[in-house]
Amino acid sequence: MIKLFRILIVAVLLLTGCTDFLKEEMEGIYTSATFFQTDEHAMLALTAAYQPASFTSIENPLWVYGDVASDDAIKGGVPGDQSEIEFIGQFTYTRDNGFLESIWQRYYEGISRSNDVIYRLSANVSPEVKETTTAEAKFLRAYYYFHLVNIFGEIPLKVEPAVTEKDLHVPISSVAKIYEKIETDLIESAEALSATGVQQGRATKGAALGLLAKVYLFQKKYELCLNAIDDIELLGLYSLMPIYSHNFKFGTQNNAESLFEIQHLSDQDPFQGNILNQWFAPQAENGYFFNVPTKDFVSAFEKNADGASDPRLDYTLGREGSEWINGEAFDPTWSPTGYIQKKHLQPLSEIPAGLKGNGNLNYIFMRYAEILLIKAEALNELSRSTLALSPLNEVRKRARESFLYDESIQGFGAIPPNLLKDVVTTDQGILREIIRNERRVELGFEFHRFYDLMRYGKTYSEEKLSETNFQYDEHRFFPIPQNEVDINNQISN
């Protein structure tokens, strides 16, 4: 039996507003017999299970797979810097690519910590704490597996803590089996979790149902997907924010549109800030200007006859002629494409002194806008195209009504005529393409696009990624990292 279990209590600010919980001191090294014995231990272990989902280091390069591997972004940055990101974006990577290894190790660490919470809590832990922490751990395990199965495909399914060395060598399971376990975890999690959650930032019933709806959508289980969305709507808790950009600002985080977001704070020790601010910002703001938008992404946003663009475009990125996040004019020379995305960036004035580009913006994994678009897609695929128009147009209505919102006066400009008009077509094929494009512009740079391209299939993905070396049959899934192949004798090259 593995005798020593090291709990690294990183005071991750997943629980905004719970000062005492987040200031727990490190407990040190425990044996499996001395830890998991109290409610306090259970909460510390749960916090550790949340931590790998945060963006406190480059070891969580989810954006590389969600954005750079897609048609929305290229690596950006100084030529030659972090070239392994470019290899992924161009599909010229090898198994020993460090970014393959980073996300594999980080998310399996999250799975391991989740398994510990699920299986190691002793009878001394109070029933209510045990039920809640177990349910949250199942949600987290599902979250990590959802990303891993979409990036790597067939992977080892580890659902219990490793007890012997033999337990570390696990064969790969099929994609279907991984999804089956994800579904089970989310169903059980949704049944046990409350609608409002225990503390801000922790998983709720809505978070579990939202991810479950997405998991069903990805498997084309459309009726089940709609059932999960019905359960979300019955909660009566979620709605679109009136202003699109308020989903990506520090002062309006954890709002009515958010189903699940990863929490960050800059002024914690150990550090729990969001390093994406530094990785994505221009050099003028201590940034490395990685993950920059492509012209193809910009062209996906609608314009009216007078040239007025979908307001989400300027909320999503900086471009020539627009105002940057610090109030200055955007300089297109900051980026090799002429654009820099905004959704994960803060003005340096908002960041505590001495932390430079590291911010405290949360990462929103799932918003109610995505739930509406999932609903529209599922209805259209079930040939209920007329019903699909309502959730689709609800998203578009919010977008056009956000036009020219002026933060300084807390007011709106006039909506240009014929901009983002309601969709009226009920032709299934045409509507499918409209919904796909709506997902792209609404959720742009929220790390979803590559997953969508892959689930849309070979013809669609090869067309969209034609400027890279992408071939669907070869690159649908990334290879299991060489390091894992070397240490797991149940996996072969």
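I take a cavity to be a set of grid points where a 1.4 Å probe fits but cannot get out, and its lining residues to be those with an atom within 4 Å of a point. The model I consulted is a predicted one.

**Entry 1. Cavities**

I searched the whole structure and noted 4 cavities of 30 Å³ or more. The largest cavity has a volume of about 90 Å³. For its lining I recorded Asn247, Phe248, Lys249, Gln253, Glu261, Lys343, His344, Leu361, Asn362, Tyr363, Ile364 and Glu446. I then sorted the lining of the largest cavity by class and obtained 4 nonpolar, 4 polar and 4 charged residues.

I turned next to the second largest cavity, which holds about 50 Å³ of space. Asp67, Asp72, Arg439, Arg440, Leu443, Gly444, Phe445, Glu446, Phe447, His448, Arg449 and Asp452 form its lining. By class, I entered 3 nonpolar, 2 polar and 7 charged residues for the second largest cavity. Which helices each supply at least two residues of this lining? I found that helix 15 and helix 16 do so. I also noted that Glu446 is listed in the lining of the largest cavity and in that of the second largest cavity.

**Entry 2. Phe445**

I looked up Phe445 because a residue lining the second largest cavity can be checked for burial against the cut-off of under 20% relative accessible area. Phe445 is located in the loop between helix 15 (428-442) and helix 16 (449-456). Its phi is positive, about 65°, although Phe445 is not a glycine. Is Phe445 buried or exposed? With a relative accessibility of 1%, Phe445 counts as buried.

**Entry 3. Phe36**

I recorded a positive phi, near 65°, for Phe36, a residue other than glycine. Phe36 belongs to the loop between strand 2 (29-31) and helix 2 (39-50). The relative accessible area of Phe36 is 0%, so I entered this residue as buried.

**Entry 4. Helix 6 and helix 7**

I described this pair by angle and distance, as is done for two packed helices. Helix 6 covers residues 127-152 and helix 7 covers residues 175-192. Their axes come within 8 Å and cross at roughly 150°. I therefore entered helix 6 as roughly antiparallel to helix 7, since angles over 145 degrees count as such. Left-handed or right-handed? I noted a left-handed crossing of helix 6 past helix 7.

Terms used:
Residues numbered from 1 in each chain as written. Predicted model: local features only at pLDDT ≥ 70, side-chain atom pairs only at ≥ 80, totals over all residues. Heavy atoms only, no water. Helix = DSSP H or I, 4+ residues; strand = E, 2+ residues; numbered from the N terminus. Buried < 20%, exposed > 50% of the residue type's maximum accessible area, 1.4 Å probe, protein only. 1 Å grid on protein atoms, 1.4 Å probe; cavity = no way out; pocket = protein on both sides within 12 Å on 5 of 7 lines; lining within 4 Å. Points joined across faces, edges and corners; volume = space filled by probe spheres on them. Nonpolar A, V, L, I, M, F, W, Y, C, P; charged D, E, K, R; others polar. Axes fitted to C-alpha atoms, helices over the stretch in contact; angles between N-to-C directions. Parallel < 35°, antiparallel > 145°, perpendicular 65-115°, else oblique. Left-handed = near helix turned anticlockwise from the far one by under 90°.
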